[in-house]
Structures are given as structure tokens and as C-alpha cells.
Amino acid sequence: MEIILVLAIIALLIGMGTAMMRGVFGDAQEANAKADVRALESSVMRYRTKSGVFPTTAQGLEALLTRPATSPQPRSWKQLIKRPEDLLDPWQNAYNYRFPGTINTDSYDIYSLGPDGTEGTEDDIGNW
């Protein structure tokens with residue numbers, strides 16, 4: 001009987017520990033997305049400095065990875081993102097970019113749709 005009681009307590013502790021760790025992993029993904037957004041902001045500013053213009057919404061963040069084929073053409077271009085995976089958030093969705101921004105109306109918006117993958121919800125993570 002004592003062995004069964006000990007096993008039940010161990011199972012309970014493991015279950016509680018697993019439940020607590022889910023929150024830790026979610027926090028880590030959100031922190032990673034915030035860091036990615038800051039890094040993408042820096043790359044967009046470097047793009048503007050080098051090219052003279054911000055990428056358009058249609059060109060998107062892909063303009064940091066491959067030279068845009070559409071207008072406005074950058075006067076000078078350098079690859080600022082090395083891998084396509086760097087444009088994906090921790091939930092494997094593409095980071096979004098808008099110029100001009102709807103939240104940052106005087107500049108641009110860079111954001112992740114967050115864990116729910118739905119735009120406009122409170123879990124969106126952006127440069128605002």
C-alpha cells in the first residue's frame with residue numbers, strides 16, 4: 001500500500017511539473033519573438049540607410065533576404081538576412097511587415113501573430 005501511495009505522489013509531482021513547464025516554454029517563445037522583432041527592426045533600418053528607401057509592404061521582409069525585383073529599387077543592396085528561416089517566428093509563421101504601418105503610422109510595423117496565429121489579438125508581438 002505504501003508503494004502505491006509513493007507512486008501516486010510521484011505521478012502527481014511529475015504532472016504538476018509538466019504543467020508548470022508549459023508556461024516557461026511559452027514565455028521563452030514570446031521572448032524569442034520580441035528579440036527577433038528588434039533584430040528585424042535593426043535590419044530594416046540598415047536596409048533604409050543603404051538603399052535610401054524602406055521596403056514596401058509588397059516587398060516585405062523578403063527584401064532583406066533577396067534583392068527586390070519590384071519598384072522602388074534600392075540604389076544599393078546588401079543581403080541582411082542569411083536564411084529564410086530567420087523570417088519565421090517561434091510558431092513557424094512568417095513575421096509580418098507593413099509600410100507605412102497601421103500602428104506606427106509614421107514608420108513601419110513588424111510583428112508576429114503570436115501563438116494563436118490570428119492578427120489583431122492581444123498575443124500579437126510587434127514593434128509597438
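## Arg83 and Asp86

Asp86 has a relative accessibility of 28% and therefore counts as partly exposed, a class that lies between buried (under 20% relative accessible area) and exposed (over 50%), computed with a 1.4 Å probe and protein chains only. The model is predicted, so local features need pLDDT of at least 70 and side-chain atom pairs count only at pLDDT 80 or more, while totals for chains, interfaces and linings use all residues. Residues are numbered from 1 along each chain as its sequence is written, and side-chain values use heavy atoms, with hydrogens and water left out.

The side chain of Asp86 meets that of Arg83 in a salt bridge, with 2.7 Å from N to O; the term stands for a side-chain nitrogen of Lys or Arg within 4 Å of a carboxyl oxygen of Asp or Glu. Arg83 is also partly exposed, because its relative accessibility is 46%. Together with Glu85, Arg83 and Asp86 are linked in a network of salt bridges.

## Elements and overall form

The chain contains one helix and three strands, which follow one another from the N terminus in the order α-β-β-β. These elements are DSSP runs numbered from the N terminus, helices being H or I with at least four residues and strands E with at least two.

Along its principal axes, the C-alpha trace of the chain spans about 80 × 30 × 20 Å. The radius of gyration of the chain is 21 Å, whereas a compact globule of 128 residues would have a value near 14 Å; this radius is taken over C-alpha atoms, and the globule rule is 2.2 Å times the number of residues to the power 0.38. Of the 128 residues of the chain, 30% count as buried.

## Strand pairing

Strand 1 (96–98) and strand 2 (109–112) pair in the antiparallel sense over three bridges, where pairing requires that DSSP finds at least two bridges between two strands. Within this arrangement, Tyr97 stands opposite Ile110 in strand 2. On its other pairing, strand 2 joins strand 3 (residues 125–126), again in the antiparallel sense, over two bridges, and Tyr111 has Gly126 in strand 3 as its bridge partner.

The side chains of strand 2 are divided between two directions, with Asp109 and Tyr111 pointing one way and Ile110 and Ser112 the other way, and all of these residues are buried.

## Aromatic residues

The structure holds four aromatic pairs, that is, rings of Phe, Tyr and Trp (its six-membered ring) with centres within 6.5 Å, counted as stacked when the planes are under 30 degrees apart, as edge-to-face when over 60 and as tilted for the rest. One of these pairs joins Phe54 and Tyr108 and is tilted, with 5.3 Å from centre to centre and 50° between the planes. Phe54 lies in the loop between helix 1 (2–51) and strand 1, and Tyr108 lies in the loop between strand 1 and strand 2, so the pair ties together parts that are 54 residues apart in sequence. Both Phe54 and Tyr108 are buried.

Tyr108 also pairs with Tyr97: the ring centres are 6.0 Å apart and the planes stand at 35°, so the pair is tilted. Because Tyr97 lies in strand 1 and Tyr108 in the loop between strand 1 and strand 2, the pair ties together parts that are 11 residues apart in sequence. Tyr97 is buried at a relative accessible area of 7%, and Tyr108 is buried at 5% relative accessibility. Phe54, Tyr97, Phe99 and Tyr108 form one aromatic cluster.

## Salt bridges around Arg98

By the rule given above, the structure has four salt bridges. Arg98 takes part in a salt bridge with Asp109, in which the closest N and O atoms are 3.5 Å apart. Since Asp109 lies in strand 2 and Arg98 in strand 1, this pair ties together parts that are 11 residues apart in sequence. Asp109 counts as buried, because its relative accessibility is 0%.

Arg98 also meets Glu119 in a salt bridge of 2.8 Å from N to O. This pair links distant parts of the chain, with Glu119 in the loop between strand 2 and strand 3 and Arg98 in strand 1, 21 residues apart. Glu119 has a relative accessible area of 46% and is therefore partly exposed, whereas its fellow partner of Arg98, Asp109, is buried.
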